[in-house]
Amino acid sequence: MRLRLDGVVKRFDGVTALDGISLSLSGARSIALIGPSGGGKSTLLRVLAGLELPDQGGVEIDDVPLPTDGESLISYRRSIGTVFQSYNLFPHLTALENVTLPLVQAHGYAKEAANGYAMELLDRFQLASHAGKRPYELSGGQQQRVAIVRAVAIKPRFLLFDEPTSALDPEMTAEVLDLIAELRAQGREFIIVTHEMGFAKRVADHGIFLGAGKIVEEGPAAELFDTPHTAELKAFLGKVLKY
Amino acid sequence: MSRRRFQILFARSKGNHEEIPRFGRTVGVISALFLLALVFSFAFSRLHYGWNWDAVYQYRQKFVSGWLITLAISAASLVASLIIGLAAALSHRSPFLPLRYLGKVYVELIRGTPLLVQILVFFYVVADAFGIGNRYVVGTLTLAFFAGAYISEIIRAGIESVGESQLDSARVIGLTPYQTYRYVVFPQVMRRILPPLAGQFASLIKDSSLLSIIAVSEFTLNAQEVNAFTYSTMESYLPLALGYLALTLPISMLSKYLERRYRYAS
Ligand SMILES: Nc1ncnc2c1ncn2[C@@H]1O[C@H](COP(=O)(O)OP(=O)(O)OP(=O)(O)O)[C@@H](O)[C@H]1O
Ligand SMILES: [Mg+2]
């Protein structure tokens with residue numbers, strides 16, 4: 001995907017979450033966003049997801065500016081898949097219904113076609129036996145995998161993940177990361193915010209280190225993680241890799 | 001064996017759950033009722049009361065018609081109060097500020113004043129001014145506005161219980177605001193508000209007894225009349241209590257059932 005950010009600023013009553021982000025990338029298929037807590041990773045991802053409008057600056061994806069009016073924002077959101085840290089699924093719907101809701105309501109599938117297609121996908125990701133369960137009957141890892149299936153089902157242009165595993169224990173983290181790695185192998189493009197540095201290094205081909213609302217350092221993932229240049233990134237990697 | 005005997009009288013807690021076997025439940029309910037019966041039969045035996053059920057039995061038709069009127073008024077005002085409550089709850093979120101504050105003032109005024117006063121003001125002032133003469137209509141409307149304020153709060157709490165993260169999820173998958181209400185908010189609000197709504201209906205039935213002060217011939221007023229005709233106070237009012245219980249107990253059980261049925265972690 002081609003990504004261009006031009007002086008993006010986002011403020012929340014007084015707090016500057018994004019403080020002039022500029023970036024030009026082409027050819028990166030998977031991007032890892034890393035950085036300290038409060039650095040602005042989620043805010044940047046929400047801007048890219050069409051959930052927050054920047055106060056200043058412009059965003060272009062594949063040479064098309066991000067829309068700003070309600071109607072086109074909705075169709076923009078329909079073209080990408082986003083997965084948050086937790087509570088992605090609707091608690092009153094089964095796993096299958098969670099997957100079919102956007103297919104039927106936002107993508108014009110007929111009910112039966114959506115059911116068949118969603119079952120096929122759940123089956124492919126070893127979730128078929130959980131299709132009839134509500135989120136509270138699923139483990140955290142299963143919930144996240146269903147949420148990812150829902151995001152993939154709509155055949156998005158790319159996926160956005162905001163710390164998809166940070167609410168999970170190690171075993172469940174592994175099953176979710178495996179799924180994301182599988183998507184990567186299939187050629188899916190995505191941007192992921194994560195604290196799993198080993199994983200970021202493995203699946204991302206580009207890395208961006210955000211601190212205090214600014215891009216402190218960015219570059220090909222292999223270089224960024226192995227030979228960090230800035231003191232901030234060195235300190236950050238030192239801290240996260242210690243544990 | 002001794003554990004089994006223990007379980008007849010005492011609930012065993014398992015973490016946050018309590019385990020009460022069926023026989024324990026039965027024994028518990030029966031002994032509670034027995035205790036109550038003991039207290040009341042003692043109290044009545046001290047009263048030296050000359051029971052006179054025959055006089056009251058002559059007026060049984062009045063009890064039946066009053067009971068039916070109470071049921072009809074409660075049901076009609078429940079339907080009206082749902083509409084009023086929904087409108088008030090939505091007005092709380094209206095971008096048009098006068099409407100929003102009208103909703104808030106309405107809820108606070110109603111919840112802050114006694115129903116008795118509302119009935120009198122509505123009947124003698126408002127209804128009179130607007131030319132609504134029929135006291136059944138006035139009574140039903142007053143009850144509807146009264147319950148509507150409480151229902152509005154129930155609905156509002158239900159809407160707010162659908163967390164911000166779910167609204168984000170709905171936006172992320174590309175639902176329009178209307179679709180978000182229709183497929184995400186509304187179904188969850190329905191599940192959450194049904195139990196308190198059933199409870200509200202039970203209150204409404206009891207509250208309707210206050211309409212007797214504007215001479216609506218509902219259950220309570222009719223019982224008062226029977227008492228006036230027969231001078232048999234107990235015989236007039238005991239059936240009254242039973243008549244209300246016959247309505248409120250099933251509703252209360254329904255409410256508990258709905259609560260269990262729709263309880264899922266979210
Ligand atoms: N909706 C909001 N309202 C107010 N302030 C916000 C909001 N969202 C983010 N912020 C603030 O913006 C800053 C950046 O937050 P953001 O969530 O983007 O950080 P992050 O890098 O994702 O952190 P974390 O690793 O903890 O998730 C923080 O100071 C945060 O408090
Ligand atoms: Mg974050």
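**Close-ups of the domain boundary in chain A**

**View 1. Where the two domains touch.** In this predicted model, 14 residues of domain 1 of chain A are in contact (heavy atoms within 4.5 Å) with 15 residues of domain 2 of chain A. Domain 1 covers 29-55 + 67-80 + 158-243 and domain 2 covers 90-155, with bounds from an automatic or database domain assignment. Taken over C-alpha atoms, their centres lie 24 Å apart.

**View 2. The area buried between the domains.** Domain 1 and domain 2 of chain A bury about 1300 Å² between them, 69% of it on carbon and sulfur atoms; this is the accessible area (1.4 Å probe) that two parts lose on being put together, summed over both. On the domain 1 side, Arg78(A), Glu175(A) and Leu179(A) lose the most area to domain 2, together 38% of what that side buries.

**View 3. A salt bridge across the boundary.** One salt bridge (a side-chain nitrogen of Lys or Arg within 4 Å of a carboxyl oxygen of Asp or Glu) is counted between the two domains. Take a look at Arg145(A) and Glu175(A), whose side chains meet in a salt bridge at 2.8 Å, N to O.

**View 4. Helix 6 at the boundary.** Helix 6 (170-185) and strand 7 (159-162) of chain A each supply at least two residues of the domain 1 side that touches domain 2. Helix 6 gives the largest share of that side, seven residues. Helices (H or I, at least four residues) and strands (E, at least two) are DSSP runs, numbered from the N terminus.

**Notes.** Residues are numbered from 1 along each chain as its sequence is written, and chains are lettered from A in the order in which they are written. Local features need pLDDT of at least 70, side-chain atom pairs count only at pLDDT 80 or more, and totals for chains, interfaces and linings use all residues, while side-chain values use heavy atoms, leaving out hydrogens and water.
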